[in-house]
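Trainee: I've just opened this one and I'd like a close look at a single part, the little sheet and the helix lying across it. Could you walk me through that, and then place it in the rest of the chain?

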Amino acid sequence: MQSKDLGETTVFLFDNLAQFDNLRHFVSTRRGGISDRCFAALNIGFHVGDDNFRVLQNRRILTDALGLDLLKFTFADQCHSANVAVVNDTGRGRGAMEKESALPHTDGMVSNVPDICLGVQVADCVPVLVYDPVQKVIASLHAGWRGSLRRIVSETIGKMIQQYGSRAENIYAGLGPSAGPCCYEVGGDVYREARMALGSVKKVIKSAKTPGKYIFDQWAANKEQLMDAGVPEDHIELAGICSQCEEQTFFSSRANQGMTGRFMAGIMLKKTRQY
Ligand SMILES: [Zn+2]
């Protein structure tokens, strides 16, 4: 993953997704917006207690810098579920200008329609962008520890296969900045839930330095699910950037006691003559 300066703001790009000419994607940062205090500066989340006007301005600053139209963005009202929505023309623009129109109870989105940017908002949870260059299908999803245990990654890959005839071996995925195994401490309750959901937790949970606490490895959990679904390991790019360690660049809920903004990842198929 590499950073790209766009004048006012900075975005990050996955190397494995950047190779596809008919694809646009990005991960936003805190840089360049007009929000202040814990939301400074480029908060793109309407739902976190920031001023709506500022959030809208921030979204415009970001999309202008990217040369994209905010009205082509689609957002979900994320709730740590494993619900995946198929987004077509009628879904374009949902949740772009206000939170009320976002797709309800949804944490994953798939589409094969050009000119729709599927967005995912995070601050510590893992933003995952997915692309099948053969069937020309994109997906974005929101995977924190809850979403991982509910198998949002498996559900999303399953939806691409079922809806569009994707084959797992053709799929590429990028796991964006999020709380890493250096920082992501959880309690015994999460450990027990993980045991119930996964059976063996050897690869995703280890003991923390703090007695009675554990480290939940969100990166390993989601990578594991991609590989279980059949996505080749060399098609998976892990940003390896911890949002808690890098809270100056990315919003981190945990580094800010729950009061902070959101950055986003987005993915879009370009409109081409073939369509
Ligand atoms: Zn960290």
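Mentor: Sure, let's start at the helix. In this predicted model, helix H5 (residues 188-198) lies across S11, S12 and S13, and its direction runs at about 55° to that of S13. Those 3 strands form an open sheet in the order S11-S13-S12, with antiparallel pairing. Strand S11 (185-186) and strand S12 (205-207) stand at the edges with a single partner strand each, so one side of each has no neighbour in the sheet. If you want to step through the pairing, S12 is joined to strand S13 (residues 214-216) by 3 bridges, running antiparallel. Click on Lys206 and look across into S13: its bridge partner there is Ile215. As background, strands of a sheet pair through backbone hydrogen bonds, either parallel or antiparallel.

Now carry on along the chain to helix H6 (residues 218-228). The buried residues of H6 are Gln218, Ala221, Asn222, Lys223, Gln225 and Leu226. A handy thing to keep in mind while you rotate the view: an α-helix has 3.6 residues a turn, so residues three or four places apart point the same way. Just after H6, Gly230 takes a positive phi of about 110°.

Ala221 also turns up in a nonpolar core, so let's do the cores together. In the largest nonpolar core, which has 61 residues, Val128, Ile138, Ala139 and Ala173 touch the most other members. S15 gives the most to this core, with 6 residues. Another core lies apart from it, with 12 residues, among them Trp145, Ala194, Val204 and Ala221. Back in the largest core, you can select Ile138 and list what surrounds it: leaving out residues up to four places away in sequence, Ile138 touches Ser111, Leu118, Val130, Tyr131, Ile267, Met268 and Leu269.

That leads to the other open sheet, the one with 6 strands. Its order is S5-S6-S9-S8-S10-S14, and the pairing is mixed. Strand S5 (84-86) and strand S14 (236-238) stand at its edges, each with a single partner strand, so one side of each is left without a neighbour in the sheet. From one strand to the next, the twist averages 15°. At the S5 end, S5 and strand S6 (residues 108-111) pair in the parallel sense over 3 bridges, and the bridge partner of Val84 in S6 is Gly108. Helix H4 (residues 152-164) packs on this sheet, touching S5, S6, strand S8 (126-132) and strand S9 (137-143), and the direction of H4 makes about 160° with that of S9. For looking at any of these strands, remember that in a regular strand the side chains alternate between the two faces of the sheet.

Next, S15 from the other side. Strand S15 (residues 263-269) pairs with S3 in the antiparallel sense over 5 bridges, with His25 standing opposite Ile267 in S15. S3 also pairs with strand S2 (residues 9-13), again in the antiparallel sense, over 2 bridges. There, the bridge partner of Val11 in S3 is Ser28. S3 is mostly covered, with 5 of its 6 residues buried.

After S3 comes a loop worth a stop. Cys38 sits in the loop between S3 and H2. Cys38 counts as partly exposed because 16 other C-beta atoms lie within 10 Å, and buried would take 20 or more. Not counting residues up to four places away in sequence, Cys38 touches Asn256, Met259 and Thr260. It's also a nice case of sequence against space: Cys38 and Gly261 are 223 residues apart in sequence and 6.8 Å apart in space, C-alpha to C-alpha. His47 lies in that loop too, between strand S3 (23-28) and helix H2 (52-66), and His47 is partly exposed, with 14 other C-beta atoms within 10 Å. His47 and Val201 are 154 residues apart in sequence and 32 Å apart in space, C-alpha to C-alpha.

Now zoom out. The protein chain has 6 helices and 15 strands, and buried residues make up 48% of its 275 residues. Of the contacts with a separation of 6 or more, 65% are between residues 24 or more positions apart. The C-alpha atoms fill a box of roughly 55 × 45 × 35 Å along the principal axes. The radius of gyration is 17 Å, which agrees with the value near 19 Å for a compact globule with 275 residues.

Key:
Residues are numbered from 1 along each chain as its sequence is written. This is a predicted model: local features need pLDDT of at least 70, side-chain atom pairs count only at pLDDT 80 or more; totals for chains, interfaces and linings use all residues. Helices (H or I, at least four residues) and strands (E, at least two) are DSSP runs, numbered from the N terminus. The radius of gyration is taken over C-alpha atoms; the globule rule is 2.2 Å times the number of residues to the power 0.38. Two residues are in contact if their C-beta atoms, placed from the backbone, lie within 7 Å. Two strands pair if DSSP finds at least two bridges between them. Axes are lines fitted to C-alpha atoms, for helices over the stretch in contact, and angles run from 0 to 180 degrees between N-to-C directions. A nonpolar core is a set of buried Ala, Val, Leu, Ile, Met, Phe, Trp, Tyr and Cys residues joined through C-beta atoms within 7 Å.
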